[in-house]
Amino acid sequence: MSKICQITGKKAITGNNVSHSKRRTKRRFNVNLFNKKFYWVEQDAWIALTISAAGLRTINKLGLDAALKQAASKGYITEIKYIEF
């Protein structure tokens, strides 16, 4: 699974480590990602998403259904994993 937020589309970027002597070596700035389960009321199902902290704030602000529709229209969500209990 790639390290991309399914809600905001954030992914890792590259940059430089800069030492005291100003030597530069490549590094990656990773996204604060975690796997979280949500209950999707409109579909009456549990889903699992890989989201960033900013994506969680977006879900809290807009609601799960609106955030999923917005992410799908921008092409960030390719598939939604449903969880069976």
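A strand, as I use the word here, is a DSSP run of E with at least two residues, numbered from the N terminus. Ser52 lies in one of these, strand β4. The model I am reading is predicted.

**Entry 1: confidence**

I checked how far to trust the model before looking at residues. The mean pLDDT of the protein is 94. I find that 99% of its residues reach 70 or more. Which strand has the lowest confidence? It is β5, residues 81-83, with a mean of 91. The highest value belongs to β1, at 98.

**Entry 2: fold and overall form**

I counted the elements next. There are two helices and five strands. Along the sequence I read β-β-β-β-α-α-β. Both helices therefore come after β4 and before β5 in that DSSP order.

I then looked at the dimensions. The radius of gyration is 16 Å, where a compact globule of 85 residues would have one near 12 Å. The C-alpha atoms fill a box of roughly 60 × 25 × 20 Å along the principal axes.

I noted burial and surface together. Buried residues are 27% of the 85. The exposed surface is about 6400 Å², and carbon and sulfur atoms supply 50% of it.

For contacts, I took those with a separation of 6 or more. Residues 24 or more positions apart account for 42% of them.

Charge came last in this entry. I have 16 positive and 5 negative charges. How far apart are their mean positions? They are 26 Å apart.

**Entry 3: Ser52 and Lys10**

I went back to Ser52 in β4. Is Ser52 buried or exposed? Ser52 has a relative accessible area of 2%, so it is buried. Leaving aside neighbours within four places in sequence, I list its contacts as Cys5, Thr8, Lys10, Val31, Asn32, Leu33 and Phe34.

Lys10 is on that list, so I looked it up too. Lys10 is found in the segment before β1, which spans 13-18. Lys10 counts as partly exposed because its relative accessible area is 42%. Again leaving out residues up to four places away, Lys10 touches Lys3, Ile4, Cys5, Val31, Ser52 and Ala54. Cys5 and Val31 appear in the contacts of Ser52 and in those of Lys10.

I also took one distance from Lys10. Asn60 is 50 residues away along the chain, and the two C-alpha atoms are separated by 17 Å.

**Entry 4: the loop between β1 and β2, then Phe29**

I looked at two residues in this loop, Lys22 and Arg23. Phi of Lys22 is near 70 degrees, a positive value in a residue other than glycine. Most residues other than glycine have a negative phi. Lys22 is at 55% relative accessibility, so it counts as exposed.

Arg23 counts as exposed because its relative accessibility is 63%. Beyond four places in sequence, Arg23 is in contact with Asn17 and Val18.

Strand β2 (24-29) comes after this loop. Phe29 has its place in β2. Phe29 is partly exposed, at 36% relative accessibility. What does Phe29 touch, not counting residues up to four places away in sequence? I find Ala12, Ile13, Thr14 and Gly15. Tyr76 is 47 residues from Phe29 along the chain, with 20 Å between their C-alpha atoms.

**Entry 5: Asp44 and Asp65**

I compared two aspartates. Where is Asp44 found? It is in the loop between β3 (33-40) and β4 (45-52). Its phi is near 55 degrees, again a positive value in a residue other than glycine. Asp44 is exposed, with a relative accessible area of 58%.

Asp65 has its place in helix α2, residues 64-74. Its relative accessible area is 19%, so Asp65 is buried. The cut-off matters here, because buried means under 20%. Not counting residues up to four places away, Asp65 touches Trp40 and Glu42.

**Entry 6: what I keep**

I keep Ser52 as buried at 2% and Asp65 as buried at 19%. I keep Lys22 and Asp44 for their positive phi, near 70 degrees in Lys22 and near 55 degrees in Asp44.

Terms used:
Residues are numbered from 1 along each chain as its sequence is written. This is a predicted model: local features need pLDDT of at least 70, side-chain atom pairs count only at pLDDT 80 or more; totals for chains, interfaces and linings use all residues. Side-chain values use heavy atoms; hydrogens and water are left out. Helices (H or I, at least four residues) and strands (E, at least two) are DSSP runs, numbered from the N terminus. The radius of gyration is taken over C-alpha atoms; the globule rule is 2.2 Å times the number of residues to the power 0.38. Buried means under 20% relative accessible area, exposed over 50%, partly exposed in between (1.4 Å probe, protein chains only). Contact means heavy atoms within 4.5 Å. Accessible areas come from the Shrake-Rupley method with a 1.4 Å probe; for residues, only the protein chains shown count as cover. Lys and Arg count as positive and Asp and Glu as negative; His and the chain ends are not counted. The place of a charge is taken as NZ of Lys, CZ of Arg, CG of Asp or CD of Glu. pLDDT is the predictor's confidence in each residue, from 0 to 100.
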